[in-house]
Amino acid sequence: MQDIMIQFEHVSKEYRLGAIGGGTLRGDLQSLMARIRGKEDPNLQIGQKVYAGNPRFLALNDVSFSVKQGERVGIIGHNGAGKSTLLKLLSRVTGPTCGTISYNGRIASMLEVGTGFHPELTGRENVYMNGAILGMTKAEITKKFNDIVQFAEMENFIDTPVKRYSSGMYVKLAFAVAAHLDSDILVMDEVLAVGDMKFQQKCLGKMDDVSKNEGRTVLYVSHNMNTVRQLCTRCIVLDHGRIIFDGDTETGIGVYMNNRDDMQTIYDLSAKSSKPDPKATQAKILSLRIMNKDAALFQTGEELVFETDILARKHFEHLRFRFELRYADDVPVGTVPDIDLGVMESGERKTFQMRFDTSWLTRGKYRVYLVLFEKNEFGTCEDHDLVLPAFAFSIEDQNDITWNVNAWGHIKLPDIDFISVQ
Amino acid sequence: MEMNQFENVITPKRAWFDVNLKELWRYRDLILLFVRRTFVSQYKQTILGPAWAIIQPLLTTVVLTVVFGNIAGLAPAGVPSFAFYLCGSIAWGYFSTCLTATSTTFTANAAILGKVYFPRLVMPISTVLSQLISFAVQFCFFLLFLFYYLMTGANVQPNLWILITPVLLVHLALLSLGVGIIVSAVTTKYRDLAMVVSFGVQLWMYATPVAYDITLIPERFLNLYMLNPVTPVVTMFRYAFLGVGEPHFAAYGISWLVTLAVLLLGVLLFNRVEKTFMDTV
């Protein structure tokens with residue numbers, strides 16, 4: 001039972017950023033001709049010696065691990081950590097840049113639910129289609145067909161074109177096909193995010209079942225820690241393409257929670273601006289540091305102390321500063337509209353330390369947009385620098401009452417005073 | 001542990017000749033399902049259904065007959081020119097639709113190919129096969145006309161060479177598959193070639209005796225002209241069903257060689273590209 005099913009050996013995957021290739025065949029041929037004739041490449045930027053290509057980016061960086069049979073491995077990490085790339089390599093959608101991936105048996109991958117579903121075909125036809133795409137033969141599907149339909153609770157709709165299905169029905173059917181596939185390895189990317197609670201639990205139960213009773217290996221990628229906790233026996237935490245933890249689930253989740261990218265406290269904002277050219281703005285926010293914490297995580301009521309460097313490129317009588325607070329989903333929460341930074345000389349650079357009271361805010365993640373502006377003679381605002389968002393922080397609520405964000409909003413208003421009681 | 005204990009190994013580079021035909025065979029059911037899907041979804045919610053397969057070549061043939069046959073007078077004498085053009089245009093039509101459809105394999109199916117793995121050759125093969133269905137409909141339609149001409153005593157002489165029809169079809173299918181997958185493999189990086197395909201096919205048609213009779217080609221250019229691998233197939237097709245022209249056996253043999261070479265090159269190129277095309281498409 002302890003056979004190694006999947007093995008990654010020093011696997012890396014490199015992507016080129018930006019547009020791919022020199023652009024056109026003509027462009028590439030031009031460069032080639034120029035090189036042969038010893039002339040200057042017309043596609044190079046002036047002063048450049050060789051075509052450097054686009055900047056490169058390692059989505060996976062020297063990743064090695066192995067998975068034994070029957071293990072249920074959760075792969076977690078924040079967005080861009082390389083989780084999906086890892087699954088894509090394993091399911092052979094794309095190839096690795098270097099390294100070797102070896103595995104035994106057949107892989108059923110569900111990188112997206114309902115791959116290959118054709119809206120015009122009926123549920124029945126699509127079950128066959130989807131099954132075949134996942135590598136089953138017609139005979140195998142026929143054998144399992146009733147199980148699939150029953151699991152998906154779709155007996156009445158199986159001969160209806162899937163374009164008439166609700167999204168929930170779509171997902172149920174697709175999951176059922178993949179779960180009933182005779183594969184040795186089941187690879188899943190956040191498929192349980194859809195479907196109702198009952199069906200989610202059913203899916204988790206099914207995966208538990210196939211792994212325990214049939215000895216199948218499961219690789220599961222999710223942002224939902226509850227499902228990871230429920231399903232997985234082991235956890236791999238990825239960060240910027242590297243494995244930073246490999247071991248038991250609880251510790252893995254702990255590592256992931258503390259390793260959130262957006263909890264950083266030092267921000268370099270010198271190149272970040274919504275203005276087209278951050279180097280040419282008349283005033284610029286250069287950097288920002290949260291001073292009183294190692295991670296940008298606050299208890300309600302704690303103060304947020306931060307320091308920001310601001311550079312003026314012309315003379316200002318009154319340079320002004322605006323602090324816009326938004327929730328993680330970009331819904332505006334509130335704004336400190338006008339902070340007067342006073343006189344700034346041209347070329348002057350000042351560091352301002354400020355304090356913000358967070359006791360109004362309820363638990364959750366907030367993002368801050370910072371704007372530098374000036375009021376002109378007509379009293380209207382002229383924005384010089386907009387950093388959207390400049391930084392982020394999280395608030396944890398010590399109070400044990402459950403704050404209903406959807407109904408109550410993000411701000412806890414001050415208590416109501418009794419004037420009289422009769 | 002040793003490397004060779006694993007059944008499957010994924011490595012960055014793949015050898016040129018590492019074509020996994022066994023795997024392709026395992027996915028044969030998928031090929032058939034794709035054929036079915038293409039055909040069924042093509043004619044769903046249309047009133048005329050598969051009749052559309054006839055309308056297009058019929059109109060093309062009418063135009064060819066009127067413009068090139070009657071006005072320009074490029075059809076051979078004796079044979080009913082409608083039959084002459086219908087015969088040529090269904091053969092050419094099969095080739096050109098297969099070619100255009102397979103040439104977009106990667107770009108058109110990027111969504112599905114980016115989500116799940118199956119042997120990529122499944123897609124172009126199923127395309128070529130599904131076009132066979134339309135061809136079959138058109139072919140029956142052609143046979144009806146042929147029958148009508150035979151009854152009315154027109155000068156058409158079908159001969160025993162009609163038994164070779166399946167070979168001709170396979171020939172056209174393989175050739176269009178070969179050219180199509182070469183184009184699809186190259187267009188993953190450079191889209192330029194995709195632009196060429198649509199009018200390239202048009203030009204290719206004029207290099208093939210579809211709109212005119214082959215006897216109009218001057219003798220000294222004939223050898224060069226016959227290098228076009230589609231030409232001998234089309235002339236053979238006409239010779240078998242209408243008894244017009246001559247079979248050109250040598251050219252036909254060469255055409256097979258070219259076809260196999262193109263197909264081999266196509267499969268190798270395709271195989272080379274399929275692994276990482278998702279990153280460049």
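Hi everyone, this is a short tour of how two chains touch and how some of their strands pair.

A word on the ground rules. This is a predicted model, in which local features need pLDDT of at least 70 and side-chain atom pairs count only at pLDDT 80 or more, while totals for chains, interfaces and linings use all residues. Residues are numbered from 1 along each chain as its sequence is written, and chains are lettered from A and ligands numbered from 1 in the order in which they are written.

Let's start where the chains meet. How many residues does the contact take from each chain? Chain A brings 37 residues and chain B brings 30 residues, where two residues are in contact if their C-beta atoms, placed from the backbone, lie within 7 Å. On chain A, the elements β1 (4-16), β4 (98-103) and α3 (123-133) each supply at least two residues of the side that touches chain B. Those labels come from DSSP runs, numbered from the N terminus: helices are H or I with at least four residues, and strands are E with at least two. β4(A) gives the most to that side, with five residues. By type, the side of chain A that touches chain B divides into 16 nonpolar, 17 polar and four charged residues. Here Ala, Val, Leu, Ile, Met, Phe, Trp, Tyr, Cys and Pro count as nonpolar, Asp, Glu, Lys and Arg as charged, and the others, Gly among them, as polar.

Now stay with β4(A). With strand β1 of chain B (residues 8-10), β4(A) pairs in the antiparallel sense over three bridges; two strands pair if DSSP finds at least two bridges between them. Look for A:Ile101, which stands opposite B:Ile10 in β1(B).

Next, a sheet in chain A. This one is open, with six strands in the order β5-β6-β7-β3-β8-β9 and mixed pairing. Which strands are at the edges? They are β5 (107-110) and β9 (242-247), each pairing on one side only. β5(A) runs parallel to β6(A) (residues 185-189), joined by four bridges, and A:Met110 has A:Met188 in β6(A) as its bridge partner.

Finally, another open sheet in chain A: four strands, ordered β10-β11-β13-β16, with antiparallel pairing. Its edge strands are β10 (266-268) and β16 (349-357). Inside this sheet, seven bridges join β11(A) (residues 283-290) to β13(A) (residues 303-312). Try finding A:Lys284, whose bridge partner in β13(A) is A:Leu311.

Thanks for listening!
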